[in-house]
Protein chains: 4
Amino acid sequence: MSKIAIIYFSGYGHTEKLAAAVEEGAASVAGASVIPLRIPADGVIEDKTWDTLAEADAIIFGSPTYMGGPAWQFKKFADESSKPWYGKAWKNKIAGGFTNSATVNGDKFNTILYFFTLSQQHGQIWVGPAQLPSNQKEHGPEHVNWTGGFAGVMAISPADASPEEAPRKGDLETARLYGERIAEYAVRTRDVVFA
Amino acid sequence: MSKIAIIYFSGYGHTEKLAAAVEEGAASVAGASVIPLRIPADGVIEDKTWDTLAEADAIIFGSPTYMGGPAWQFKKFADESSKPWYGKAWKNKIAGGFTNSATVNGDKFNTILYFFTLSQQHGQIWVGPAQLPSNQKEHGPEHVNWTGGFAGVMAISPADASPEEAPRKGDLETARLYGERIAEYAVRTRDVVFA
Amino acid sequence: MSKIAIIYFSGYGHTEKLAAAVEEGAASVAGASVIPLRIPADGVIEDKTWDTLAEADAIIFGSPTYMGGPAWQFKKFADESSKPWYGKAWKNKIAGGFTNSATVNGDKFNTILYFFTLSQQHGQIWVGPAQLPSNQKEHGPEHVNWTGGFAGVMAISPADASPEEAPRKGDLETARLYGERIAEYAVRTRDVVFA
Amino acid sequence: MSKIAIIYFSGYGHTEKLAAAVEEGAASVAGASVIPLRIPADGVIEDKTWDTLAEADAIIFGSPTYMGGPAWQFKKFADESSKPWYGKAWKNKIAGGFTNSATVNGDKFNTILYFFTLSQQHGQIWVGPAQLPSNQKEHGPEHVNWTGGFAGVMAISPADASPEEAPRKGDLETARLYGERIAEYAVRTRDVVFA
């Protein structure tokens with residue numbers, strides 16, 4: 001089995017919902033096993049989380065965009081990943097990322113760029129969603145990639161929308177397809193020998 | 001008078017419309033004179049454009065976001081600005097920026113970051129829109145900063161919308177307020193002696 | 001007096017030394033009073049820190065670059081600044097930033113971009129170092145802006161160098177000049193009325 | 001054979017030299033054939049260049065960093081790649097990037113981020129250098145990844161150094177290893193079926 005780890009922080013439940021959609025997509029792929037890992041509010045990462053990540057074939061990063069970047073709890077995780085970094089433990093693992101915030105654009109791209117930057121410090125292989133956008137007048141939040149991220153999945157949850165209401169249909173479907181894509185890639189490249 | 005130059009490229013007219021809104025806002029400020037400078041399709045910058053920029057108190061950058069960054073015509077202008085860069089000719093001039101693209105997010109933030117990066121190579125002072133976003137369920141393209149840029153003005157023009165149809169009301173008003181803000185700042189700091 | 005706050009995190013003392021150089025430069029300006037605020041290792045921000053920041057004319061951000069971005073302790077501070085953000089309490093305050101890391105390039109630019117992104121969410125005015133680089137063959141770590149940042153001050157402290165050894169002369173002088181520049185700008189624009 | 005295309009611009013020959021090192025590394029891999037494609041000074045891309053790119057398994061991007069981003073000639077190429085973008089013609093092709101500039105840091109990271117952004121609009125798979133940095137006191141330009149890029153290869157050519165003198169030994173070796181890595185990955189994943 002190819003192991004897909006999803007390590008994410010969620011403050012109010014919207015990013016959790018996005019993570020669940022990525023998980024659903026990844027789990028639908030034959031030969032893939034998915035392990036969601038939610039970073040707690042105090043940012044403390046358990047030892048076994050690091051063990052799980054060390055064994056994963058793909059590590060997908062997720063966080064809300066707070067003040068133009070990933071939540072500090074995610075950054076604390078990233079800072080502590082200097083240990084596997086030093087030992088090149090994540091080299092060649094597949095990477096990807098997703099984020100959510102209330103504002104339509106809201107500098108979300110910066111969070112995705114951070115995930116990418118982190119992945120490259122680790123020597124990972126970045127696989128993005130590869131989705132063209134739904135960008136015509138008739139399109140709205142119910143269409144795939146209307147939000148319009150390219151390097152990772154971006155979702156919009158209006159400031160007064162509960163996790164039951166948002167992210168909306170299109171964003172969740174984009175996330176589901178992304179999970180599927182990463183898992184497919186992990187399964188297809190599983191037997192590739194690459195140092 | 002404080003001189004506000006707006007140097008921009010527009011491919012199909014949508015960014016032109018955004019530039020016009022920035023211009024309208026800046027021109028409404030007592031003591032400000034505004035000079036719009038459209039970069040032509042062949043990217044050739046006239047000598048007098050450089051003279052105008054050398055005399056400006058503020059230089060506002062504008063371009064559509066094409067393939068995740070400013071149009072090449074704008075980048076050609078930026079590359080050629082290495083001459084005033086070398087002579088520190090734009091040091092301490094106020095800077096700002098705006099962009100438009102079809103996709104909702106569409107990596108527009110990257111274009112604004114490029115404008116900022118360029119301004120900082122020149123030693124300029126960056127003044128952003130300073131607008132909180134309209135990010136509740138009831139908000140839409142008709143509200144100020146629904147698109148939700150912070151570092152510069154971002155606008156959305158759906159792929160099948162003409163310049164008559166888009167950018168829409170909220171984006172244009174955000175651009176107008178931004179022009180006003182930059183011109184106000186230029187006028188208020190005109191007599192400040194700063195080397 | 002113009003109040004210049006320097007809010008920063010330092011893990012091993014190198015960024016502390018850079019902060020001290022910024023402080024020295026700012027304090028050398030007539031009419032400027034400087035308040036250094038070090039974020040503790042547990043990331044807990046005291047109430048009076050927020051009060052000090054609310055009263056400042058300029059807020060300068062500082063952090064090491066860890067894993068391609070600011071340290072989590074800084075990000076925690078940034079996340080908690082959503083309260084003054086919501087109330088636009090930092091609007092029009094001057095902003096700037098500095099960072100240090102062991103590797104020559106080391107994605108330091110990403111940390112400066114984050115500081116800028118944060119400042120723009122707050123509606124601040126960004127003032128960079130405005131230093132041309134020392135980029136000829138004869139130049140080295142002892143020259144001003146050899147490290148070559150434009151949007152903020154970047155410093156290099158090799159992985160095996162103590163805070164007594166690094167950041168080196170050129171980086172410290174770049175930082176000192178930057179503190180001076182920001183304080184000058186704060187003093188010169190103190191009586192400017194701008195809403 | 002796996003086809004590795006290197007599409008790059010070089011203004012004065014330094015980036016050309018870096019491209020040659022990437023080519024040398026890629027060509028040393030059994031089963032890889034490398035096609036260097038230099039963008040001319042007028043930015044005009046020949047039709048057969050697009051054909052070559054359409055058939056490539058990997059597309060590596062290269063440009064000097066001019067004024068904080070890729071040269072306009074490269075951006076013109078990127079803008080014109082909207083045609084293969086629209087048809088998803090580069091989806092799942094491997095991507096990578098390299099840049100050179102005179103200043104040590106010089107905002108080079110921004111150019112690499114642009115290459116990444118472009119690759120993700122195309123749905124490509126990003127493979128970075130995966131090199132730890134040489135960041136101790138004893139290290140210098142002759143050591144691998146002393147310059148210290150993670151997401152792509154960064155090189156330093158002092159402003160008064162000819163292409164015979166720079167990029168220097170360490171940067172060229174970093175580029176050679178990167179070409180080797182990308183070609184290895186292309187060869188190993190050649191038979192992977194992935195839509």
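1. Of the residues of chain C, Trp72(C) comes closest to the rotation axis, at 2.6 Å for its C-alpha. That axis comes from laying chain C on chain A, which takes a turn of 180 degrees and a shift of 0.0 Å along the axis and gives an RMSD of 0.0 Å. The two copies are thus related as by a two-fold rotation axis. Copies are superposed by least squares on the C-alpha atoms of residues with pLDDT of at least 70 in both.

2. A word on the basis: this is a predicted model, in which local features need pLDDT of at least 70 and side-chain atom pairs count only at pLDDT 80 or more, while totals for chains, interfaces and linings use all residues. Residues are numbered from 1 along each chain as its sequence is written, chains are lettered from A in the order in which they are written, and side-chain values use heavy atoms, without hydrogens and water.

3. Now to chains A and D. Here 30 residues of chain A are in contact with 30 residues of chain D, contact being heavy atoms within 4.5 Å. On the side of chain A that touches chain D, the residues divide into 17 nonpolar, 8 polar and 5 charged.

4. How many salt bridges does the rule find across the interface of chain A and chain D? It finds 0, a salt bridge being a side-chain nitrogen of Lys or Arg within 4 Å of a carboxyl oxygen of Asp or Glu.

5. Do look at the strands, too: 3 bridges join S6(A) to S6(D), residues 125-127 of chain D, and the two run antiparallel. Val127(A) has Ile125(D) as its bridge partner. Strands are DSSP runs (E) of at least two residues, and two of them pair if DSSP finds at least two bridges between them.

Technical notes. Ala, Val, Leu, Ile, Met, Phe, Trp, Tyr, Cys and Pro count as nonpolar, Asp, Glu, Lys and Arg as charged, and the others, Gly among them, as polar. Helices (H or I, at least four residues) and strands (E, at least two) are DSSP runs, numbered from the N terminus.
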